[in-house]
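Let's take a walk through the inside of this protein, with an eye on its cysteines and its nonpolar cores.

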Amino acid sequence: MTYRVQAFNPGNRKDFFEFHSRVGGECFCSAWWVDTWEEWLAQSGEENRQLREELLKRGEYDGYLIYDGDKAIGWCQVGAQDRFGKLLTQFNLTLDPRTWAITCFQIDGDYQRQGVASLLLEAVMQQLSQKGVPRVVAFPKIDISLPAHQQWTGPKAMYERAGFELVRENQTRAIYAKTLKPTPLDQISR
């Protein structure tokens, strides 16, 4: 099969919503944009969708879709880590606008365990490198026995295979990082 990866943009907005309605439940990849987990858990699916609509109006197209033909089959949320305040707080991260964060990874159940996530990650890393992003971090859960839908930040083995290195971990999550081609801050495209 031939897959293609596209940056999230106004032209594939419909595909994003169709994919998340079909695969992602009612999250619409809004969790990291809400200040606290309690606040996010209290939101309805419609409120999550409205938040995503507001983000798109501000130009926050924060990820990549992978396609099989015309069907979106996977999603990776990624953006400058300083945009995700809750992420910085939860993981006690230093504010660094040069570091980008992979915060969500979802693959359609019919395509899981076929290498699609690894292909998406590889394409995302290539595109981030071309944008001049110097460093990317990811936050996989430690418990690999969790069902795929609960490993929504991506499995740690995938990041290890892709050359990410362990920064630190606790009982539930790890932080992995990968350095890309260094580029001056003023050349980074958001």
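A residue counts as buried here when its relative accessible area is under 20%. Keep in mind that we're looking at a predicted model. With that cut-off, Cys-104 is buried because its relative accessibility is 5%. Cys-29 is buried too, since its relative accessible area is 4%.

So how many disulfides does the structure hold? The count is zero. Why don't Cys-29 and Cys-104 make one? A disulfide needs the two cysteine sulfur atoms within 2.5 Å. The closest cysteine sulfur to that of Cys-29 belongs to Cys-104, and it sits 3.6 Å away, so the gap is too far for a bond. Start from Cys-104 instead and you land back on Cys-29 as the closest, at 3.6 Å.

Now for the nonpolar packing. The largest nonpolar core is built from 27 residues, and the ones with the most contacts inside it are Ile-102, Phe-105, Leu-128 and Phe-164. Quite a list of elements puts in two or more residues: strand 2 (63-68), strand 3 (71-80), strand 4 (99-107), helix 5 (116-131), strand 5 (135-138), helix 6 (156-161) and strand 7 (174-179). Helix 5 chips in the most, with seven residues.

Zoom in on Leu-128 for a moment. Skip its neighbours within four places in sequence, and Leu-128 still touches Tyr-64, Val-78, Trp-100, Val-133, Val-136 and Leu-180. There's also a second core, separate from the largest one, with 18 residues. Among them are Cys-27, Leu-87, Leu-88 and Ile-175.

Notes
Residues numbered from 1 in each chain as written. Predicted model: local features only at pLDDT ≥ 70, side-chain atom pairs only at ≥ 80, totals over all residues. Heavy atoms only, no water. Core = buried A, V, L, I, M, F, W, Y, C linked by side-chain atoms within 4.5 Å. Buried < 20%, exposed > 50% of the residue type's maximum accessible area, 1.4 Å probe, protein only. Helix = DSSP H or I, 4+ residues; strand = E, 2+ residues; numbered from the N terminus. Contact = heavy atoms within 4.5 Å.
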